[in-house]
Amino acid sequence: EKEKELIRVSWESLGKDKVPHGVIMFSRLFELEPALLNLFHYNTNCGTIQDCLSSPEFLDHVTKVMLVIDAAVSHLDNLHTLEDFLLNLGKKHQAVGVNTQSFAVVGESLLYMLQCSLGQGYTAPLRQAWLNMYTIVVAAMSRGWAK
Ligand code: HEM
């Protein structure tokens, strides 16, 4: 329960517009795994990573990712209700060429973003709480990926 509270309070403290935080997260992701940029086909003819990050289609995906995290935070007491959605989401990512190992790198990038955005608020228990939630989400997506 303490874990859930840490997640809820920290997520809310990021403010209503989560997209800028998502941009930090994906900037980190592409730093760690630049090849992922190529999976966003609409990004093939952008000059720099920064151009890509500001394209509307890309920001659309960031928005979708933040909405999924938001849904997980809202369903901390009954994450299993998201199971079918997450299985399906994993399957869709298999179809667009994302490997399950990359989901873990997204997790690292999420923690990086939280560290940047929360500053002193980023504590070891908070990090662990987010990691636990993210692991559940990714496990479901990975099951769907492999189906
Ligand atoms: C769709 C790439 C991680 C949520 C897509 C699409 C691509 C993509 C290429 C289809 C085109 C588009 O909608 O822009 C990636 C890559 C990821 C990643 C490279 C990094 C490994 C995630 C994560 C989440 C997520 C972690 C959520 C937790 C979504 C959603 C859609 C989507 C909700 C729309 C699916 C639909 O059409 O129903 N992703 N994605 N993605 N992604 Fe990701």
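**Notebook: a chain of helices**

**Entry 1. Contacts along the chain**

I began with contacts in the protein chain between residues at least 6 apart in sequence. Of these, 73% join residues at least 24 apart. I note here that the model is predicted.

**Entry 2. The elements**

Next I looked up the secondary structure. How many helices and how many strands does the protein chain have? I found 7 helices and 0 strands. I then read the elements from the N terminus on, and the order is α-α-α-α-α-α-α.

**Entry 3. Overall dimensions**

I looked at the extent of the C-alpha trace. Along its principal axes the protein chain spans about 45 × 35 × 25 Å. Then I checked the radius of gyration. A compact globule with 147 residues would have a value near 15 Å. The protein chain has 15 Å, so the two agree.

**Entry 4. Surface and charge**

I looked up how much of the chain is buried. Buried residues make up 39% of the 147 residues. The accessible surface of the protein chain comes to about 8100 Å². Carbon and sulfur atoms account for 58% of that surface.

I also looked up the charged side chains. There are 12 positive and 15 negative ones. The centres of the two sets lie 5 Å apart.

**Entry 5. Aromatic pairs, starting with W11 and W130**

I turned to the rings. A pair of aromatic rings is described by the distance of the centres and the angle of the planes. The count in this model comes to 6 aromatic pairs.

I took W11 and W130 as one pair to study. Their ring centres are 5.7 Å apart. Their planes stand at 50°. Why is this pair called tilted? An angle of 50° is neither under 30 degrees, as in a stacked pair, nor over 60, as in an edge-to-face pair, so tilted is the word that fits.

Then I located the two residues. W11 is in helix α1, residues 2-13. W130 is in helix α7, residues 124-146. They are 119 residues apart, and the pair links distant parts of the chain. Both W11 and W130 are buried.

**Entry 6. F40 and F58**

I looked up another pair, F40 with F58. It is edge-to-face, with 5.5 Å centre to centre and 75° between the planes. F40 lies in the loop between α2 (19-32) and α3 (49-53). F58 lies in helix α4, residues 56-74. The two are 18 residues apart in sequence, so the pair ties together those parts.

Are these two residues buried or exposed? F40 has a relative accessible area of 12%, and buried means under 20%, so F40 is buried. F58 counts as buried because its relative accessibility is 0%.

**Entry 7. F26 and the ring cluster**

I followed the rings further. Ring pairs link F26, F30, F40 and F58 into a cluster. F26 lies in helix α2. Its relative accessible area is 4%, so F26 is buried.

What does F26 touch, not counting residues up to four places away in sequence? I found F40, F58, H61, V62 and V65. I also looked up F26 and L53. They are 27 residues apart in sequence and 8.1 Å apart in space, C-alpha to C-alpha.

**Entry 8. S10, beside W130**

I went back to helix α1 for S10. S10 has a relative accessible area of 5%, so S10 is buried. I left aside its neighbours within four places in sequence. S10 is then in contact with L118, L126 and W130. That brought me back to W130, the ring partner of W11.

**Entry 9. Two threonines**

T63 is in helix α4. Its relative accessible area is 31%, so T63 is partly exposed. T63 and Y122 are 59 residues apart in sequence and 23 Å apart in space, C-alpha to C-alpha.

T81 lies in the loop between α4 and α5 (83-95). T81 counts as partly exposed because its relative accessibility is 46%. T81 and T135 are 54 residues apart along the chain, and their C-alpha atoms are separated by 16 Å.

**Entry 10. S142**

My last residue was S142, found in helix α7. Leaving aside neighbours within four places in sequence, S142 is in contact with T100 and F103. I also checked S142 against D84. They are 58 residues apart in sequence and 12 Å apart in space, C-alpha to C-alpha.

How values were computed:
Residues numbered from 1 in each chain as written. Predicted model: local features only at pLDDT ≥ 70, side-chain atom pairs only at ≥ 80, totals over all residues. Heavy atoms only, no water. Helix = DSSP H or I, 4+ residues; strand = E, 2+ residues; numbered from the N terminus. Rg over C-alpha atoms; globule rule 2.2 N^0.38 Å. Buried < 20%, exposed > 50% of the residue type's maximum accessible area, 1.4 Å probe, protein only. Contact = heavy atoms within 4.5 Å. Areas by Shrake-Rupley, 256 points an atom, 1.4 Å probe, with all protein chains shown as cover. Lys, Arg positive; Asp, Glu negative; His and termini not counted. Charge placed at Lys NZ, Arg CZ, Asp CG, Glu CD. Phe/Tyr/Trp six-rings, centres within 6.5 Å; stacked < 30°, edge-to-face > 60°.
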